Amino acid sequence: MLRSHTCGELRIANVDQQVTLCGWVDKYRDHGGTMFLDLRDRYGRTQVVVNPDSGTDNVEVAKKLRGEDVVLIEGVVSARLMGKDNMKLPTGEIEIRATRVQLLNRSLTPPFFPNQEELPGEDLRLKHRFIDLRRSSMQETLILRAKIIKAMRDYFADNDFIDVETPILGRSTPEGARDYLVPSRVHWGQFFALPQSPQLYKQILMVAGYDRYVQVARCFRDEDLRADRQPEFTQLDMEMSFVDANDIIAMIDGLMVQLADKMLGIPLTTPLPRMTYDEAMRRFGSDCPDLRFGMEIVDCSDLAAQTSFRVFRGAVDEGGHVRGIKVDRRAEEFSRKRIDELTEFTKNDFGAKGLAWFRVEQDGSLWSPISKNLEPAVLDGIKSRFQAEPGDLILMLADTWEVTCKGLNGLRRRLGAELQLYDPKQMHFSWVVEFPMFDKDEESNRWVAMHHPFTAPRSQDLESLKKSPGDCRAQAYDLVINGYEAGGGTIRIHDHSTQQDVFDLLGMTAEMARDRFGFLLDALSYGAPPHGGIALGIDRIVMLFARLDNIRDCIAFPKTQRAMDLMTEAPGSVEHKQLHELHIQVETPPAKS
RNA sequence: GGGGCCGUAGCUCAAUUGGUUAGAGCACUGGACUGUCGAUCCAGAGGUUGCGGGUUCGAGCCCCGUCGGCCUCGCCA
């Protein structure tokens, strides 16, 4: 090592020691005779003093130093002059009196500085990620990420899990998300797919008797990006044999207790709260509700059925619902303009036809543009159903079940954030369980698997599997943290005939199933144990534990919303020769390289 | 594919209803200064207002297109 110490470790106890430090020039303050250099590495910052005692050559080198130059400093640890301590720094009681100043490498003037207070635009940060990653907040996040992954690995190792790697080059399956494809050179016109998850492999491992499997697995999905979605992301993937849903949940409960304790010092009590999917949709309109605050959905469909007001009555007559949420005591904060914005929000983002609203006046009456259309009994009913008090604001949607869920969930999340209805440091962990097995695809009017087609139905729902698939509930569980889906898993089907029933229901013939998943069906036929597992979104968990609001800040080299890496400029075009070897022709040649 | 926000000096931002030579802080360059830690002081350099077109006597500002970043619906576990 060129250095004897890091820039974060020297203290008053080290005074008089001869040391060598290496790092980047974080800041320089040149007073002519005396010069101060703040030397930075990932461990901290240490002040270096260069003055005539350091020697003319060293002064000359120091004078020319600028931010982000890389230097080596030899010197003696000294207590700072009386009253010159900097209590903002852990090293603020000492300084290095330089006896040698060596420039290890000059830096160009960077487009931005790691220590600058205003964050540059994200495109600039991504293009110069090597600078951005020097920022202490990025370093803290990546260090937290490493700690979380270490804690996860330790936890599963302690519980006798075996870490097994699964292929990156796999086979495309038409289920689920769009695949990233990799052309095969050897096999003309054929493609590998990058894994969306190691789902099938881990099930095979269970059949093979590796009854506790774990992997930190990179996954790929070629779908549009979001603040919490990247095209490649990392899962803590695990699978267990001879278990039921409670066993998996308990295992993850234990992990969350450790993570919350070790990373945040937050004590969690287990079992973590659970809620069924149906209850979550009814009370919060979401399968991953943010439970840090209330503002639960109130259903007034029965009241709406009694009115002659067409908007309400019509929605119910058409099989829809009239539901709403209530803002407590803060109606005066909602101008007409703000309510109009919320109305546009529900229309544009969730396809609602409109947003009905009521303000509770001081006399207890409900004021609304539509009050005159509603019978007094109905207004009274709404008021008491919401337990409305003067100053409250009620927001209601009259629409299909789905639109009321999405719209009210959207409103609830938005208002929860805007009105600061929760402490941003608060963390809420819970489970949503008993998801439906199937979802009706509107376009083709066919059943599609809500999770994936290997999900086992609840044993008591086996009857409904064929009779009324919409009522069939799965042995599925999602981990929800602060309104984010942090992970999800299921107990899998382990017998061939149930698996075939599900394939049938999904409109998959035996031939199709054999063609796509033949190896899995084979495996299930050779002594498959009951098994199940879960995958946790590591990027999202890091985001939540770091209290960040986007996943890119938790990933060293993330992609932009258009799935580009601005630093490497990937994806890029390739040589014609490469395409030729792969037997690929590009339909429309790119306009420019 | 749809909706929205943004793009002005290296960086962060400002610029009256569309009106003279587009400004500030930081950074940068040169100089001064032996105790600063957001050092200070003096001087200087730095701009095709993302790009292309249009409207106008006149466009950073208005309109159309396009490129890029972000948020979001669809999509996606």
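Let me start with helix α16, residues 538-545, which in this predicted model lies across β9, β10, β17, β20, β21 and β22, and which runs at about 50 degrees to β22. A second helix, α6, residues 245-264, also lies across strands, namely β9, β10, β11, β17, β20, β21 and β22, and α6 runs at about 30 degrees to β22.

So much for the helices over the strands; now to the strands themselves. Eight of them form an open sheet with mixed pairing, and if you trace the order you read β6-β9-β10-β22-β21-β20-β17-β11. At the edges sit β6, residues 162-163, and β11, residues 274-276, each of which pairs on one side only. Within the sheet, β17, residues 429-433, and β20, residues 476-481, pair in the antiparallel sense over five bridges, and if you would like one position to look at, Ser430 has Val480 in β20 as its bridge partner.

Let me turn to a pair of helices, α14, residues 496-505, and α15, residues 510-524, whose axes come within 11 Å and cross at roughly 155 degrees. Angles over 145 degrees count as roughly antiparallel, and α14 and α15 are therefore roughly antiparallel to each other; their crossing is right-handed.

Which residues of α14 and α15 meet? From α14 there are His496, Gln499, Gln500 and Phe503, and from α15 they meet Ala510, Ala513, Arg514, Phe517, Leu521 and Leu524. Sorted by character, the residues of this contact between α14 and α15 divide into six nonpolar, three polar and one charged.

Notes. Residues numbered from 1 in each chain as written. Chains lettered and ligands numbered in written order. Predicted model: local features only at pLDDT ≥ 70, side-chain atom pairs only at ≥ 80, totals over all residues. Heavy atoms only, no water. Axes fitted to C-alpha atoms, helices over the stretch in contact; angles between N-to-C directions. Helix = DSSP H or I, 4+ residues; strand = E, 2+ residues; numbered from the N terminus. Parallel < 35°, antiparallel > 145°, perpendicular 65-115°, else oblique. Left-handed = near helix turned anticlockwise from the far one by under 90°. Contact = heavy atoms within 4.5 Å. Nonpolar A, V, L, I, M, F, W, Y, C, P; charged D, E, K, R; others polar. Pairing = 2+ DSSP bridges.
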